[in-house]
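Have the sequence and the 3D view open side by side as you read. Let's walk through this protein one part at a time.

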Amino acid sequence: MEKVLRDGFIYMSQNKTLNSLAKKYGLRFGASRFVAGEDFKTSVPTIRELNAKGLSVTVDHLGEFITTVAEANENRDEIIRAIEIMAEEKLDAYMSLKLTSLGFDISDELIEDNMRQILTTAQAVGVFVAIDMEDETRCEKTLDLFKKLKADFDGLGTVIQSYLYRSEDDINHLAPLKPNLRIVKGAYKEPATVAFPEKEDVDHNYLKLVKLHLANGNYASIATHDDHMIDAVIEHVKLNNIPLDQFEFQMLYGIRVERQLELVRQGYKVRVYVPYGRDWYGYFMRRLAERPANVAFVLKGMVKK
C-alpha cells in the first residue's frame, strides 16, 4: 500500500495542470508545514527562528516546469536577490537551487549564464550555493556543469543520490575537486535499470557513500531523517576520529524537529532545508511520497480549512 501511495504522489508531483492550480490557490491543505512562504522576505522570520535555536539553514527557491527564457531569468533574479538579503540580514544560511528552474532544459548557454550570474553575486557576498540533483536523466549533465563551474567558483556544492547505481563512481570522480556534497537517498521514481529498487539496498549504499566521501577527506552534508542512518554515521565518525567540522546533518523543514534540536544539543551541526516560493507543488508531493504518513497531517489541514 505504501509503495502505491508513493508512486501516486510522485506521479502527481509531475502533473503540470495540478502544479498550475497549486500556484493559483497558494499554500493550503498542509503545505505550509513544509514550505516557509511564497517569497523570500516572508521566509526570513522562519530562518531567524531556526538560527536562534542553533540550526543552520539552506534555502531552496522552488521552481519546476518552466518553459520560457523569461521564467528562467525571473527565477535567476529572485535567487540573486535572496542571496543578497541573506548577506544583508547576516543569516546563517546558504542557497540551494534546481537547474531546471533556471533554463537547464531550454539551452546550455542559458543555464550556464544564469548560474554564473548567481555565483558571481554569491561569491561577492560570501554565500555558498548548492545545486540540487533532479532525476537520473539529468544527472550526467548536472555533474558536468558542476565541474565546469567549480573551477571558477569555490563556494559551490551539489548532491549525490544513493539510490542510483552510478553514485559511488560519481563520488570518486568528484573527489579531486574537494567538493561539499549533500548525500540523499533520492526522491524521484527511477527504473531498476539505473536505481536500486529495494529500500534495503538504497540504505546500504547510503552509508557506503557517506563513509567513502568522508574517507576522501571531503565535507559531507548527511541528509536523512532515518535514526538508523544517523546513529550509524555518529558511530562511524567517532570510531574514525572524523572531526565535527567535516560533516553536518541535514533535515527538511517541518520534519523531525525534535530530532534536529537533539542533535544540536549533542554538539552536531544541523542544517534545515527551508523551501519557499509559489512553485511549491512538486516539492510538496515528493515529501508526501517519501513519507505517506504525512498525509494525515494534510487531511487535518483540509478539515481545518
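How many bridges pair strand β1 with β2, and in which sense? Strand β1 (residues 56–61) and β2 are joined by 4 bridges in the parallel sense.

## Before we start

A quick note on what you're looking at: this is a predicted model, where local features need pLDDT of at least 70, side-chain atom pairs count only at pLDDT 80 or more, and totals for chains, interfaces and linings use all residues. Residues are numbered from 1 along each chain as its sequence is written, and side-chain values use heavy atoms, with hydrogens and water left out.

The pLDDT score is the predictor's confidence in each residue, from 0 to 100. Its mean for the protein is 87, and 80% of the residues reach 70 or more. Residues 297–305 are a weak spot, with pLDDT under 50 throughout. Where pLDDT is low, the predicted coordinates should not be read in detail.

## The overall build

The protein has 12 helices and 8 strands. Both are DSSP runs numbered from the N terminus: helices are H or I with at least four residues, and strands are E with at least two. The 8 strands form a closed barrel in the order β1-β2-β3-β4-β5-β6-β7-β8, with parallel pairing. From one strand to the next, the twist averages 30 degrees. Two strands count as paired if DSSP finds at least two bridges between them.

Of the 305 residues, 55% count as buried. Buried means under 20% relative accessible area, exposed means over 50%, and partly exposed is in between (1.4 Å probe, protein chains only). Now for contacts, meaning heavy atoms within 4.5 Å: among those between residues at least 6 apart in sequence, 74% join residues at least 24 apart.

## A closer look at β1

Besides β2, strand β1 also pairs with strand β8 (residues 270–276), in the parallel sense over 6 bridges. You can pick out individual partners, too. Threonine 58 has tyrosine 94 as its bridge partner in β2. Valine 59 stands opposite methionine 95 in β2, and its bridge partner in β8 is valine 274.

Why is β1 said to be largely enclosed by the rest of the structure? Because 6 of its 6 residues are buried. In a regular strand the side chains alternate between the two faces of the sheet. Here, Ser56, Thr58 and Asp60 point one way from β1, while Val57, Val59 and His61 point the other way.

## Helices against the sheet

Next, find α5, which packs on the sheet and touches β2, β3 and β4 (156–161). The direction of α5 makes about 150 degrees with that of β3. These angles run from 0 to 180 degrees between N-to-C directions, using axes that are lines fitted to C-alpha atoms, for helices over the stretch in contact. Another helix, α7 (residues 167–174), lies across β4 and β5 and runs at about 155 degrees to β4.

The buried residues of α5 include Leu110, Ile111, Met115, Ile118 and Ala122. An α-helix has 3.6 residues a turn, so residues three or four places apart point the same way. The buried residues of α5 pack against α4 (69–88), β2, β3, α6 and β4. After α5 comes glycine 126, with a positive phi near 75 degrees.

## The annotated sites

The UniProt record (unreviewed entry) gives a "binding site" annotation to Met133, Gln161, Lys185, Gly186, Ala187, Lys199, Thr224 and His225. The same kind of feature is placed by UniProt at Lys98, Arg286 and Arg287. UniProt positions are given in the numbering used here, feature names are shortened, and annotations may be inferred rather than shown by experiment.

Where does methionine 133 sit? Look in the loop between β3 (129–131) and α6 (139–150). Methionine 133 counts as buried because its relative accessibility is 6%. Leaving aside neighbours within four places in sequence, the contacts of methionine 133 include Thr142, Gln161 and Tyr188.

Is lysine 199 buried or exposed? With a relative accessible area of 54%, lysine 199 is exposed. Lysine 199 belongs to helix α8 and touches Lys185 and Asp226, not counting residues up to four places away in sequence. Glycine 186, in the loop between β5 (181–184) and α8 (199–215), counts as buried at 18%. Lysine 98 is buried at 7% and lies in the loop between β2 (93–97) and α5 (108–125).
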